[in-house]
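Q: Please take a close look at one part of this structure: its sheets, and how their strands are ordered and paired. Begin with a short stop at the charged surface.

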Amino acid sequence: MLCFFLLVFFLSSAKCSDVLSRHRRSWIIDSFTIEEGHPGPFPYVLGKINIEREYQVYFDLFGEGVDEEPKGVLSIHKESGTVYVHRPVDYEEKTVLKLKFEARKTDSSIDTKVGVEISIRDINDNPPRFRRDLYEISIAEENAQGSHVLTVVAYDRDQRGTPNSMFHYEIKSVTPNLPDTEFFIDEFGGTISFKGCLDHEVAEMFTVLVEAKDHGEAVSLSSSTTVVIHVKDGNNHLPTISGQTGSGKVKEDEVGTSPLRVHVTDKDTPNSLAWRVKYTIQGEDGEHFTIETDADTNDGILKVVKPLDYEERAQRELSISVENEMPYFSCKVKERTSSGLWKVDTSTGDDPHSVQVLIEVEDTNDPPVFSVTVKEAMLEENAPIGTWVEKVIASDPDSSHASDFVYKVGNDPAGWVTLDPHTGDITTLKAPDRESPYVVNGIYTILLHAVDDGNPPLTGTATLNIHVTDQNDNVPQLTVDNVDVCVSDGPTTTNITAFDLDGNPFGGPFLFQLLGDVKGKWKLSPSYGYTAGLVKEPGVYSGPHTVKLRISDIQGEFGIYNISVTVCDCSVTANCQSHRDTATKAAFGAIGIAFASLFLLLFLMLMAVVITCKKEFTTLQSADSSGQTLLSSNIEKAGTDCKLPDCFLAMSPYKRHHDLSDWQSQHDGMQHRQVLTKVMDENFSHKNFGDYRRENMSYLFCDWNQDVSTGNFLYKGNSSYESDTTVRALLHQRVSSLQEREEDLLGDQPHLYADEGDSDNLSELEDITIPDNNSFQKVLKDLGPKFNRLASICKPPHIQN
């Protein structure tokens, strides 16, 4: 076969063209074909290229098989043009090798170029291959013969359309090989089917080996695959009832009990749909029973769902049938033919298996039964005590038990009736009242019981609805007994509404009538109905008024009432009620403002006290007291009134003009001991003190027989100095003024400043110890400069023991 397509083109220069135009050239190339998978030896000669030239040419070969993939397959002898094959080729890899031949002159210029295609001849070196090495499928047992099971697919890589790539399917083996089941396959389509019947109980799985074989001339190649077919269990075995257990007895009036359990057998796979069963009860018209399937054992459990009555029927005969949840299917081979499908017998559905069971009803004590469970009766309101109302009748259905019973009242909310325990007659125990809260829509309901003497006693219940007929035993009443009306130049009206507890025809509409002297003051418009209009004449003044009103029902029963009427100015608000509401709101607003103002005032006062206390608080400076000595007097106590003695305080001319009230306001709130100390410091430590002569000074005369707190120590003695009475009177007046101020402040709560009295917090101060009276002068010398000045002024002539 010639597989060359000569594509001759000239790529030479103008000089070459002149040569070619003058010389006739010819190429002689054999038909080249490489056989796939040549066994060698290599290299071998594929062919030779001949060219007629008067001069020497050299050959070159390029393209697939030389310098392109697959490389190294071909080569050419440069001078002779012989083509060599160096290794085998694969048809499935390359079917044609595309190459270029070049002829060159001795001067290396290109003489001619030719494109060549070398074909590769296919051989049967590929067997058919299946797409999968293993096929697995599940099919139902009830599948009919000839139905499609599975299709396998294979392919061959050899040249398409040749015997090398053509193949067929065949089944090589089937495991297990059963007489009633035969698998076959479509020779060219690969579809697998079966003949006969499938039986899960005989074979749960088939393994089929399928082969694909090609039609190669020299050699035939093949491959195989495995097909696994799982047979799902179908319902080809009917369940049968194998027995029953249980007493088969049921007590009357019992529900939920199980008197019987039915057992079945089934050859299908346990717990499969083909094995599970369902039960049906026939002959049970009262729907007293139901039957359920035990999921674990497949047993049928008979249960009582509706009470049975022994007196009605002592025995119940039931028919229980059983069938599978999955429809029944059967297949049997009748004849095996040489061609085509076999003859089989198939059936779908069959009569379910059933059994007859007998259930006995056991008698028990039944409660009495009323002939009428809901009874109606009529009773007139206010009927006298002992009035007969109704009679109830009950009976006991028991035949084998005691049937004596008594009647009792179960629920009588208002206690109106009594019940004869033996006859069932009902009579009144109280006068009935239709307006009682226990009467709903004119009906009074009581419950009645009939109790037998069984063990335990059983009770029957009936309901008695007593329809109470109404009487006119209630007078009309007002909904409200106070109304409002506005002041105006013309008549103004307010509404008055009445109601009656009695029903029709003993209630409204009502007749309203004014009583007393109402001419020119009040009138009614309208005066008939459920609501009357009270009209105020223009002459009625503002304020509270009382109007007497008579209200009569249809039958003439009446009630007389005093109505409080408030007349007010409605110029601002629409009515008095709105006015009162507004006034109330205003009052609440005023109260709120008053409380807010009070709270604000208290807050401001509290802030003032806090600020004042902060101003008056004097901290004891350690720097000022480092040179002083304090003597503990052990006299001042919390809550003790401390009064100044009748002392005469000498004051410098600088201090005499000082207002005592100003001084007191500066020292208000301090303890007297601190105040006195400060006064002395200000008077006797003044910077100008040294400028005054002693004879121009008044002295402080103290009655040392009294307890006087001078700030830090207790002094006792007599003064031998007598000063003029003018200075004495002046000083006495000022001291008295100070004491009066102190009495005014006795109501104030004491304040603790600088931890007074807490000696533990004054660790920097030391107590002054006076061993005896003779050393008093020595102690005074150690009190510091300020107290030394005070001592030099106040010191008595001599100290008495």
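A: This is a predicted model. Start at the surface. Glu69, Asp90, Glu93 and Asp125 form a negative patch there. Take Glu93 from that group. Glu93 sits in the loop between β7 (82-85) and β8 (96-104). Its relative accessibility is 56%, so Glu93 counts as exposed, because exposed means over 50%.

Now turn to the sheets. Strands of a sheet pair through backbone hydrogen bonds, either parallel or antiparallel.

One open sheet has five strands. Read across, the order is β39-β46-β45-β41-β43. The pairing in this sheet is mixed. Its edge strands are β39 (482-486) and β43 (528-529). Each of these two pairs on one side only. Look inside the sheet at β45 and β46. Strand β45 covers residues 543-552, and strand β46 covers residues 558-568. The two run antiparallel, joined by ten bridges. Thr546 faces a partner here: Ser564 in β46 stands opposite.

Another open sheet has four strands, in the order β38-β40-β44-β42. Here the pairing is antiparallel. At the edges stand β38 (477-478) and β42 (522-524). Each has a single partner strand, so one side of each is left without a neighbour in the sheet. For β42, follow the link to β44. Strand β44 spans residues 531-536 and runs antiparallel to β42. Three bridges join this pair. Leu524 stands opposite Leu534 in β44.

Conventions: Residues numbered from 1 in each chain as written. Predicted model: local features only at pLDDT ≥ 70, side-chain atom pairs only at ≥ 80, totals over all residues. Heavy atoms only, no water. Patch = residues over 30% accessible without salt bridge, like charges linked within 9 Å, V, L, I, M, F, W, Y side chains within 5 Å. Areas by Shrake-Rupley, 256 points an atom, 1.4 Å probe, with all protein chains shown as cover. Salt bridge = Lys/Arg side-chain N within 4 Å of Asp/Glu carboxyl O. Lys, Arg positive; Asp, Glu negative; His and termini not counted. Charge placed at Lys NZ, Arg CZ, Asp CG, Glu CD. Buried < 20%, exposed > 50% of the residue type's maximum accessible area, 1.4 Å probe, protein only. Pairing = 2+ DSSP bridges.
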